[in-house]
Structures are given as structure tokens and as C-alpha cells.
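Hi,

Here is the structure I promised to pass on. Have a look at it first, then read on for what turned up.

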Amino acid sequence: LTEVIRRYWQPLYSFARRREMSSEDAEDATQEFLSRIVDGNLLEQADPAQGKFRSYLLAAWKRFLIDEFRRRNTIRRGGQWKHASLDFASVEQNWQYLQSREPDPDRVFMLAWANSLLDNARERISEEYRRSGREVICQALLDKLSVGLDAEAYRQLGIQTGLTPNAVKVALHRLRGRFAACLRQVIAETVEDPAEIDTELREMLAILSQK
């Protein structure tokens with residue numbers, strides 16, 4: 001349950017915001033829906049044979065917003081559920097970016113899902129480098145994974161990290177490899193069959209590349 005909540009609360013919130021709910025109502029709805037997952041049997045009804053789990057969850061979320069939450073006149077902010085601390089202020093900033101580029105609530109959900117996978121992989125690789133005493137290198141290079149760099153950029157990064165330009169190139173190459181491995185690990189935790197990892201990865205990249 002903790003993994004489900006961690007991976008999907010931001011897409012759920014973003015979907016609700018794209019459906020023109022206020023930030024306060026979207027926050028309340030997300031908290032209430034997650035409490036239903038914790039307290040009930042919503043996940044037990046999911047059948048992997050019927051499709052991807054996130055599609056099932058999104059369908060359940062839509063039903064909840066229509067049949068449950070919007071019928072209520074008031075809701076206590078956060079309810080009694082204290083399962084996890086959710087940083088709604090941070091995800092609201094992400095939502096502001098998503099809503100500026102995507103009008104379709106379903107697409108917003110999928111974009112938020114894809115970005116949450118990337119964020120989780122970044123968190124893992126950052127922690128890995130921190131534990132090994134290479135935090136400075138990770139901080140300097142993590143946002144350069146998909147960026148083409150010229151000689152001057154490598155020189156500046158060398159000054160920032162205390163490495164030679166050639167050492168920076170090697171460090172960036174290794175970081176890309178470790179990030180790819182972390183991303184595959186994150187995706188592996190969301191699928192039943194390891195054979196689905198590559199399919200999920202391609203779908204994630206396709207979602208992020210769509211204009």
C-alpha cells in the first residue's frame with residue numbers, strides 16, 4: 001500500500017486538478033480516495049489479466065470523483081488518515097506546469113505517472129551517490145543526463161566538481177548507466193512480470209516525448 005500511494009498520489013491529484021477541481025478539493029479528494037484504498041478492498045479487485053493497474057486505478061478514481069466525493073457537501077481536510085505525509089505544495093507546482101501543456105485529464109494523469117517514475121529514480125541515484133561520498137558529482141551532473149555538452153561545458157563542470165574534463169565525461173557516462181538501472185528498478189516494482197519492464201519503459205518515454 002505504501003508503494004501504491006507513493007507512486008500514484010501525484011497523478012491522482014494532477015488528474016483532479018485538470019478536472020477543474022480547486023487545489024483544496026483535489027487534496028481532500030486524494031486523501032479520501034487513498035484512505036479508501038487503505039481501509040477497503042479496492043486493490044483486491046484489480047485483475048492483472050484485465051489490463052494495467054494504473055488504468056484500473058484511474059477508472060476507480062473517476063468513479064470516486066463522480067459517485068462519492070462530489071456528492072458530499074463537506075469533508076474534513078485530510079480526514080483521519082495519517083498513513084503518509086504528502087507534499088501537496090510541491091505537486092501543485094508540478095501541476096501548474098502540466099496544465100499549461102496538456103488539456104486532457106487522462107494525459108495529465110499519465111504524464112504525472114511518468115514524471116513520478118523519473119523523480120523516484122533521481123531520488124534513488126542521489127541517495128546512492130550520497131552514501132558513496134559522490135554527492136557533489138551527482139548534483140552537478142544529474143540534470144545533464146540527456147543534454148549534449150561541449151568542451152566548455154565539460155571544463156566548467158570540471159571546475160565545479162574538482163575533476164578534469166575527461167573525468168567528467170567518464171563520470172557522466174557512469175551516471176547515465178546507473179540512472180538507467182535505477183529507472184528500470186523503479187519500473188520493475190510496478191509490474192507483475194519482469195518481461196513487462198521494457199514495454200513500460202517505452203510507454204513512459206513515449207508519453208514524455210509527446211507534444
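D119 is partly exposed, since its relative accessibility is 29% (buried means under 20% relative accessible area, exposed over 50%, and partly exposed in between, with a 1.4 Å probe and protein chains only). D119 forms a salt bridge with R122, with 2.7 Å between the closest N and O atoms; the term stands for a side-chain nitrogen of Lys or Arg within 4 Å of a carboxyl oxygen of Asp or Glu. R122 counts as partly exposed too, at a relative accessible area of 33%. Both D119 and R122 sit in helix 5, three residues apart, about one turn of the helix. An α-helix has 3.6 residues a turn, so residues three or four places apart point the same way.

Before I go on, a word on what you are looking at. This is a predicted model, in which local features need pLDDT of at least 70 and side-chain atom pairs count only at pLDDT 80 or more, while totals for chains, interfaces and linings use all residues. Residues are numbered from 1 along each chain as its sequence is written, and side-chain values use heavy atoms, with hydrogens and water left out.

Back to helix 5. Helices here are DSSP runs (H or I, at least four residues; strands are E, at least two), numbered from the N terminus. Helix 5 covers residues 105-131, 27 in number, and its first and last C-alpha atoms are 39 Å apart, close to the 39 Å expected at 1.5 Å a residue. That expected span is 1.5 Å times one less than the number of residues. At the N-terminal end, D104 acts as a cap, with a side-chain oxygen 3.3 Å from the backbone nitrogen of D106 (a polar contact is a pair of N or O atoms within 3.5 Å; within protein, one must be able to donate a hydrogen and the other to accept it, and residues adjacent in sequence count only if both atoms are side-chain atoms). After helix 5 comes G133, which has a positive phi, near 75°.

Helix 5 holds another salt bridge, between the side chains of E127 and R130 (2.6 Å, N to O). Those two are also three residues apart, about one turn of the helix. E127 is partly exposed at 31% relative accessibility, and R130 is partly exposed with a relative accessible area of 42%.

Then there is E128, which pairs with R178 in a salt bridge whose closest N and O atoms are 2.7 Å apart. This pair links distant parts of the chain, as E128 is in helix 5 and R178 is in helix 8, 50 residues apart. Is E128 buried or exposed? At 19% relative accessibility, E128 counts as buried, whereas R178 is partly exposed at 33%. Over the whole structure, a search finds 12 salt bridges, and R54, E200 and E203 are linked in a network of them.

Now for the inside. The largest nonpolar core has 53 residues, and W61, L141 and L183 touch the most other members. Such a core is a set of buried Ala, Val, Leu, Ile, Met, Phe, Trp, Tyr and Cys residues joined through side-chain atoms within 4.5 Å. Helix 5 gives the largest share of this core, 10 residues. Leaving out residues up to four places away in sequence, W61 touches L12, F15, A16, A29, T30 and F33 (contact means heavy atoms within 4.5 Å).

Among the buried residues of helix 3 are R54, W61 and F64, and what covers the buried residues of that helix includes helix 1, helix 2, helix 5 and helix 9. For helix 8, the buried residues include L172, F179 and L183; their cover includes helix 1, helix 5, helix 6, helix 7 and helix 9. The 24 residues of helix 8 should span 34 Å at 1.5 Å a residue, and its end C-alpha atoms are 35 Å apart, which agrees.

Finally, a caution about confidence. The chain averages a pLDDT of 81, and 77% of the residues score at least 70; pLDDT is the predictor's confidence in each residue, from 0 to 100. Over residues 73-83 the pLDDT is below 50, although this stretch has 17 contacts in the model beyond near neighbours in sequence. Where pLDDT is low, the predicted coordinates should not be read in detail.

Cheers
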